[in-house]
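Reader: Please take me through this model one feature at a time, giving the general idea and then the case at hand.

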Amino acid sequence: MIRRQPVSATADHAEERTNPAARLGFQPGQVVQEIGYDDDVDQELREAIEEAIEGDLMDEDYDDVADAVVLWFRDDDGDLTDALVDATTYIEEGGAILLLTPKTGRAGYVEPSDISEAATTAGLTASKSVSVGKDWSGSRLATPKAAKAKR
């Protein structure tokens with residue numbers, strides 16, 4: 001006898017699997033500042049984040065504190081540690097930085113060891129890298145308070 005188990009998948013659970021912004025933890029009502037925007041950014045990811053937070057991304061001129069920062073960074077953008085330290089000044093204590101870098105083989109690729117070293121130097125805790133689009137990888141970096149809260 002075969003027993004069939006009812007399977008229910010709500011739209012929320014399905015969205016978490018397919019929407020990279022939901023997988024990355026963006027939530028409605030969050031204020032998210034975007035740094036490093038250029039012509040090469042992943043527009044679909046930007047739109048997914050705006051959909052997840054139910055609002056617009058704030059640009060580099062935003063002068064209040066944000067819940068999170070999306071930092072688009074390419075190898076030729078300067079010093080990654082400096083960019084991460086600067087980004088931490090824009091977020092609430094316990095906030096997160098989503099560091100987006102070009103994937104392997106793409107122009108502007110940043111070595112994972114460079115990301116890890118820069119995050120550590122900037123006082124951030126790095127999570128694993130995730131694919132967030134055709135050309136971009138993302139690393140979620142947490143401030144120390146956020147890292148402690150997860151323990």
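Author: On one side of helix 3, Glu44 and Glu51 are exposed, exposed meaning over 50% relative accessible area, buried under 20% and partly exposed in between, with a 1.4 Å probe and protein chains only. This is a predicted model, in which local features need pLDDT of at least 70 and side-chain atom pairs pLDDT 80 or more, while totals for chains, interfaces and linings use all residues. Residues are numbered from 1 along each chain as its sequence is written, and side-chain values use heavy atoms, without hydrogens and water.

Reader: Why are the buried residues of helix 3 on the same side?

Author: An α-helix has 3.6 residues a turn, so residues three or four places apart point the same way. In helix 3 (residues 43–53), the buried residues are Leu45, Arg46, Ala48, Ile49, Ala52 and Ile53; they lie on the same side because they cover an arc of only 160 degrees around the axis, taken from the directions from the helix axis to the C-beta atoms. These buried residues pack against helix 2 (20–23), strand 1, strand 2 and strand 3 (91–102).

Reader: What caps the N-terminal end of helix 3?

Author: Aspartate 42 does, with a side-chain oxygen 3.0 Å from the backbone nitrogen of glutamate 44. Helix 3 is followed by glutamate 54, whose phi is positive, near 55 degrees.

Reader: Where is confidence lowest, and where highest?

Author: Where pLDDT is low, the predicted coordinates should not be read in detail. On this scale from 0 to 100, confidence is lowest in helix 1 (residues 11–18), at a mean of 49, and highest in strand 1 (residues 32–35), at 97.

Methods: pLDDT = per-residue confidence, 0-100. Helix = DSSP H or I, 4+ residues; strand = E, 2+ residues; numbered from the N terminus. Contact = heavy atoms within 4.5 Å. Polar contact = N/O pair within 3.5 Å; in protein donor to acceptor, adjacent residues only side chain to side chain.
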